[in-house]
Amino acid sequence: MALRNQESKTFTLKRIRAGTRLFLKGGLFHPLAIIIAIFIVFSCYNIVKSTGYQKMVGLYLSLDSFLLPIYVLQAAFHVIRDAKTTIFELNLLKDWYLLFFSRLLALGIAITPLLLALAIILYLGNLSHLILPLIVRFITYISIAALAMLLQSRKGSLLFLVVSFIILPFGAQIIFSYTSAQGEVIDPILSIVLYFLAPITSTIYCELLSLNLTLAQLLTILTSLIIILLSAITFKKLEYEI
């Protein structure tokens with residue numbers, strides 16, 4: 001029995017590796033994507049070296065609503081496939097959940113090197129308090145990508161990713177700026193929504209939130225995990241027309 005369980009685990013791990021390799025070999029690390037990642041790293045390095053208000057503006061624009069989202073957007077869009085490709089991949093992997101989580105794992109592998117580089121830059125720039133929000137940001141990216149995979153139209157998925165990765169976080173910055181000018185505090189529900197959409201910007205404007213940052217981070221991570229789980233269940237129940 002123990003040998004059979006060991007063989008089953010080994011077989012499952014091999015299938016996961018095979019599924020992830022399927023997306024990694026499909027051009028996930030495209031030369032253009034690498035160029036974008038290098039540009040983001042150097043841009044953030046220069047932003048961290050700056051001082052005053054420009055530093056904060058540059059950080060939330062680059063990490064929450066512009067540069068970093070563009071890189072994650074292209075990586076997420078790569079693992080989102082049309083119906084015919086999905087059915088073809090399913091015939092190869094033989095399991096809906098394996099296909100779903102292989103896509104997310106490939107996305108995680110694609111964005112992890114950039115995450116590590118940005119974390120090092122923040123640490124060297126005495127901004128280590130932004131590293132955890134950056135990690136939370138990557139978790140929310142993966143959960144949003146999981147939702148986008150449920151849309152059977154690649155155009156619809158792209159629109160959803162653009163709105164979720166770029167437009168809504170930029171809108172969050174507008175809300176923070178307006179609330180700061182009014183001298184008000186954001187209510188708890190909106191605080192968690194804003195933290196989910198823009199963790200780094202929310203950390204910079206933490207005095208405007210009516211939630212403790214630790215609680216906001218835990219709720220955001222929990223929400224992201226629930227989204228991923230429910231998306232996996234829904235993904236298995238999707239019906240594709242070829």
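Modeller: Let's start with a word we'll keep using: a residue is buried when its relative accessible area is under 20%. Keep in mind that this is a predicted model.

Colleague: Okay, let me try that out. Is Ser 143 buried or exposed?

Modeller: Ser 143 has a relative accessible area of 0%, so it is buried. You'll find Ser 143 in helix H7.

Colleague: Which residues does Ser 143 touch, if I skip those up to four places away in sequence?

Modeller: Ser 143 touches Phe 196, Ser 224, Ile 227 and Ile 228 once you skip those. You can look at backbone spacing too: the C-alpha atoms of Ser 143 and Thr 223 are 8.7 Å apart, although 80 residues separate the two along the chain.

Colleague: Let's step back to the whole chain. How many helices and strands are there?

Modeller: The count is 11 helices and 0 strands. If you read along the sequence, you get the pattern α-α-α-α-α-α-α-α-α-α-α.

Colleague: And what share of the chain is buried?

Modeller: Of its 242 residues, 46% count as buried. The chain exposes about 12600 Å², and 70% of that comes from carbon and sulfur atoms. Take the contacts between residues at least 6 apart in sequence: 75% of these join residues at least 24 apart.

Colleague: How do I read two helices packed against each other?

Modeller: The general idea is that two packed helices are described by the angle between their axes and the distance between the axes. Try H7 and helix H9 (residues 188-197), whose axes come within 8 Å and cross at roughly 85 degrees. Angles of 65 to 115 degrees count as roughly perpendicular, and therefore H7 is roughly perpendicular to H9.

Colleague: Which residues meet there?

Modeller: From H7 come Pro 133, Val 136, Arg 137, Thr 140, Ser 143 and Ile 144, and they meet Tyr 195, Phe 196 and Leu 197 of H9. Sorted by class, this contact has 6 nonpolar, 2 polar and 1 charged residues. Notice our friend Ser 143 on the H7 side.

Colleague: Now H3 and H8: at what angle do their axes cross?

Modeller: Helix H3 (residues 53-65) and helix H8 (residues 154-182) have axes that cross at roughly 150 degrees and come within 9 Å. An angle over 145 counts as roughly antiparallel, so that is the term for H3 and H8. Tyr 60, Leu 61, Asp 64 and Ser 65 of H3 meet Phe 165, Ile 166, Pro 169, Phe 170 and Gln 173 of H8. The split here is 6 nonpolar, 2 polar and 1 charged.

Colleague: What about H6 and H11: what is the angle between them?

Modeller: Helix H6 (residues 96-124) and helix H11 (residues 213-237) pack at about 135 degrees, with their axes 9 Å apart. That makes H6 oblique to H11. H6 also passes H11 in a right-handed crossing. On the H6 side, the contact uses Trp 96, Tyr 97, Leu 99, Phe 100, Phe 101, Arg 103 and Leu 104; on the H11 side, Ile 228, Ser 231, Ala 232, Ile 233, Phe 235 and Lys 236. By class there are 10 nonpolar, 1 polar and 2 charged residues.

Colleague: Ile 228 came up earlier. Which residues is it in contact with, leaving aside neighbours within four places?

Modeller: Ile 228 is in contact with Phe 100, Phe 101, Leu 104, Ile 142, Ser 143 and Ala 146. Its relative accessible area is 13%, so Ile 228 is buried. Its C-alpha atom and that of Phe 101 are separated by 9.3 Å, with their places 127 residues apart along the chain.

Colleague: Can we do one in a shorter helix's neighbourhood, say Thr 203? Where does Thr 203 lie?

Modeller: Thr 203 lies in helix H10 (residues 199-204). At 7% relative accessibility, Thr 203 counts as buried. Skipping residues up to four places away, Thr 203 touches His 129, Leu 130, Pro 133, Tyr 195 and Leu 213.

Colleague: And Glu 89: buried or exposed?

Modeller: Glu 89 is buried, at 2% relative accessible area, and lies in helix H5 (residues 83-93). The C-alpha atoms of Glu 89 and Leu 99 are 7.3 Å apart.

Colleague: Last one, phi. What is the phi of Asn 126?

Modeller: In general, most residues other than glycine have a negative phi. Asn 126 is not a glycine, yet its phi is positive, about 60 degrees. Asn 126 is found in the loop between H6 and helix H7 (131-148). With a relative accessible area of 69%, Asn 126 is exposed.

How values were computed. Residues numbered from 1 in each chain as written. Predicted model: local features only at pLDDT ≥ 70, side-chain atom pairs only at ≥ 80, totals over all residues. Heavy atoms only, no water. Axes fitted to C-alpha atoms, helices over the stretch in contact; angles between N-to-C directions. Helix = DSSP H or I, 4+ residues; strand = E, 2+ residues; numbered from the N terminus. Parallel < 35°, antiparallel > 145°, perpendicular 65-115°, else oblique. Left-handed = near helix turned anticlockwise from the far one by under 90°. Contact = heavy atoms within 4.5 Å. Nonpolar A, V, L, I, M, F, W, Y, C, P; charged D, E, K, R; others polar. Buried < 20%, exposed > 50% of the residue type's maximum accessible area, 1.4 Å probe, protein only. Areas by Shrake-Rupley, 256 points an atom, 1.4 Å probe, with all protein chains shown as cover.
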